[in-house]
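Subject: Structure handover

Hello,

Here is the structure for you to look through. Please open it first, then read my notes below.

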Amino acid sequence: MQTVEIDGLGEVRMQATMLTLVIYEQSFGGKDIIADVFGRHEAEDTGREYVVDFTADNWLAISRAVWAMSETEWQLRNDRGDATPNERPKPYKQWVREVGQVNMTQLSMAVASEMWDGFFHTGAAASE
């Protein structure tokens with residue numbers, strides 16, 4: 001959590017979590033806070049040029065995908081008799097409220113990897 005002093009408001013406390021993605025999208029007509037704030041950056045570091053484009057991903061979709069895949073994993077274990085009701089992910093909006101700070105880049109790569117294995121490798125061994 002951070003605080004910032006804003007004239008007329010005083011000290012404003014801020015915290016960014018996955019819930020922030022949901023609140024921003026719902027409050028601002030489907031906009032994505034990460035794409036809006038970070039946009040596309042070009043930089044040069046030690047003689048190398050690179051571009052980071054935060055507008056290329058739907059960051060809120062990543063949180064939805066994590067929840068859906070977590071629910072899938074629980075349902076499959078439940079079908080086998082290996083899960084208990086208290087292990088089931090809470091409904092999405094409740095679940096996302098409880099998520100703290102995350103590394104969205106790492107999470108994005110994990111989601112993409114699992115989706116690649118689960119959706120595009122027909123006949124391959126199931127992911128674990």
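Two strands pair if DSSP finds at least two bridges between them. Strand β3 (residues 40-45) and strand β4 (residues 48-53) pair over six bridges, in the antiparallel sense. Keep in mind that this is a predicted model.

**The hairpin**

β3 and β4 form a hairpin. Two residues sit between the strands. In the turn, Thr-46 has a positive phi of about 45°. Across the pair, His-41 stands opposite Val-52 in β4.

**The whole chain**

What is the order of the elements from the N terminus on? The protein chain runs β-β-α-α-β-β-α-α-α. That makes five helices and four strands. The radius of gyration is 19 Å, well over the 14 Å that the globule rule gives for 128 residues, so the protein chain is more spread out than a compact globule. Along the principal axes, its C-alpha atoms fill a box of roughly 55 × 40 × 30 Å.

Some totals follow. Of the 128 residues in the protein chain, 23% count as buried. The exposed area is about 9,600 Å². Carbon and sulfur atoms supply 52% of that area. Take the contacts in the protein chain with a separation of 6 or more: residues 24 or more positions apart account for 45% of them. The protein chain has 11 positive and 21 negative charges. The mean positions of these two sets are 7 Å apart.

**Three residues to look at**

Start with Phe-54. Phe-54 lies in the loop between β4 and α3 (59-80). Is Phe-54 buried or partly exposed? Its relative accessibility is 21%, and buried means under 20%, so Phe-54 counts as partly exposed. Leaving aside neighbours within four places in sequence, Phe-54 is in contact with Ile-34, Ala-35, Phe-38, Gly-39, His-41 and Trp-59. One of these, His-41, is the residue that stands opposite Val-52. Asp-32 is 22 residues from Phe-54 along the chain, and their C-alpha atoms are separated by 9.9 Å.

Next is Val-102. Where does Val-102 lie? Val-102 is in the loop between α4 (92-98) and α5 (104-120). At 38% relative accessibility, Val-102 counts as partly exposed. Beyond neighbours within four places in sequence, Val-102 is in contact with Met-18 and Leu-107. Met-18 and Val-102 are 84 residues apart in sequence. In space, their C-alpha atoms are 7.9 Å apart.

Last comes Glu-11. Glu-11 is found in strand β2 (residues 10-14). Because its relative accessibility is 56%, Glu-11 counts as exposed. Which residues is Glu-11 in contact with, leaving aside its neighbours within four places in sequence? They are Thr-3, Val-4 and Glu-5. Glu-11 and Met-115 are 104 residues apart in sequence. Their C-alpha atoms are 42 Å apart in space.

**To recap**

The protein chain is more spread out than a compact globule. β3 and β4 form a hairpin. Phe-54 counts as partly exposed, as does Val-102. Glu-11 counts as exposed.

Best regards

How values were computed. Residues are numbered from 1 along each chain as its sequence is written. This is a predicted model: local features need pLDDT of at least 70, side-chain atom pairs count only at pLDDT 80 or more; totals for chains, interfaces and linings use all residues. Side-chain values use heavy atoms; hydrogens and water are left out. The radius of gyration is taken over C-alpha atoms; the globule rule is 2.2 Å times the number of residues to the power 0.38. Buried means under 20% relative accessible area, exposed over 50%, partly exposed in between (1.4 Å probe, protein chains only). Contact means heavy atoms within 4.5 Å. Accessible areas come from the Shrake-Rupley method with a 1.4 Å probe; for residues, only the protein chains shown count as cover. Lys and Arg count as positive and Asp and Glu as negative; His and the chain ends are not counted. The place of a charge is taken as NZ of Lys, CZ of Arg, CG of Asp or CD of Glu.
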